[in-house]
Amino acid sequence: MSKRVVHCVWVCLVGLGLGVVHAQPFPNKPIRIVVPFAPGGNVDVTARVISAAMTKQMNQTVFVENKTGAGGKIGAEAAMRSPADGYTLMMGSNSSLSVAPNFYADWPYDPLNGLTPIAHLASVPFVLITRPGLGAKNMADLVRMAKQKPGGLTMASAGSGTSNQLVGEFFQSVTGTSLLHVPYKGAGPALLDVLAGRVDILFDQVSSSSNYIEQGKVEALAVSSAVRWKSLPNVPTFVESGIPGFVITNFTGLVAPLGTPADVLDKLNKAAIAALQDEAVKKSFATMGVEAVGSSPQQFSALIKDDLQRWAALIKEKNIKLD
């Protein structure tokens, strides 16, 4: 066989080999889920529970990487500017998908047109809790107290521009009340000061406060879900308490960089939704007081749009600024 023929055969074999590599089905290497917040919070815990179940569903390692800083901006930028191949995802939430983009002009993506929604995975409502001994036994009591002395009740939050503050601002807008906002550096310190009686109220996620409510360490006046929450069956909704339209949930869900191929997106969506049926996921969500959802990319996109518009209108109305 001549050298020319041998060379041609070698080139053809290399070409066939490359074709095989490119034809490998997705996924053929580990998948990273970026969490733009510190470990231990709702978004991080949700990501870790889901990643373990997705690992089994996809027969490929799915792992979590925390990239923190700048209110979630560093992690969000790293995730959404990665290659759109399905191997880098982000566990998004209200904070990174509908709140922060309203505050930062240089947020690294447009949440409506600059990313690819995969699935809405979980929801948890807010619960209005009060310090021990405040004296408000129900929503009517609290509203009456707030109107009798505008600015006299203190409202804790995880910081200016956080979901805790925004829900509280929405409450003031629809009830005609005025509360004194006390921002903290995180939800944990805010909750601790409510427990200690140093601040009056907090609009907290059910997953963070439910244990303290059950132990009687704080009073729970209302939850922001459409119906009573399973983990707090004795706590009425805001709607039941006389505040119509007060239905707000904190959501978490997977998103991918813009341009992720449709077939890859479909596999990720199916694996994520199937992961919600994993017994370990069900047990973890029940313990957290979180409700599994599952949705199509289109449904998740619609949710992000509605939530983004809600907070944009409120931020403009109340002229809310970041510190």
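In this predicted model, the charges of the protein chain number 28 positive (Lys and Arg) and 23 negative (Asp and Glu), with His and the chain ends left uncounted. Their mean positions lie 4 Å apart, each charge being placed at NZ of Lys, CZ of Arg, CG of Asp or CD of Glu.

The exposed area of the chain comes to about 14,800 Å², and 56% of this is supplied by carbon and sulfur atoms (Shrake-Rupley method, 1.4 Å probe). Of the 323 residues, 49% are buried, that is, under 20% relative accessible area with a 1.4 Å probe, protein chains only. Along the principal axes, the C-alpha atoms fill a box of roughly 100 × 40 × 30 Å.

Eleven helices and ten strands make up the secondary structure elements of the chain; these are DSSP runs, with helices (H or I) of at least four residues and strands (E) of at least two, numbered from the N terminus. For contacts (heavy atoms within 4.5 Å) between residues at least 6 apart in sequence, 77% join residues at least 24 apart.

A word on confidence is useful here. The mean pLDDT (the predictor's confidence in each residue, from 0 to 100) is 89, and 93% of residues reach 70 or more. Among the elements, helix H9 (residues 262-275) has the highest mean, 97, and helix H1 (residues 3-22) the lowest, 48. Over residues 8-14 the pLDDT falls below 50, and this stretch has zero contacts beyond near neighbours in sequence. For residues 18-22 the pLDDT is likewise below 50, again with zero contacts beyond near neighbours in sequence.

Residues are numbered from 1 along each chain as its sequence is written, and side-chain values use heavy atoms, without hydrogens and water. Local features need pLDDT of at least 70 and side-chain atom pairs count only at pLDDT 80 or more, whereas totals for chains, interfaces and linings use all residues.

Note on methods. Buried < 20%, exposed > 50% of the residue type's maximum accessible area, 1.4 Å probe, protein only.
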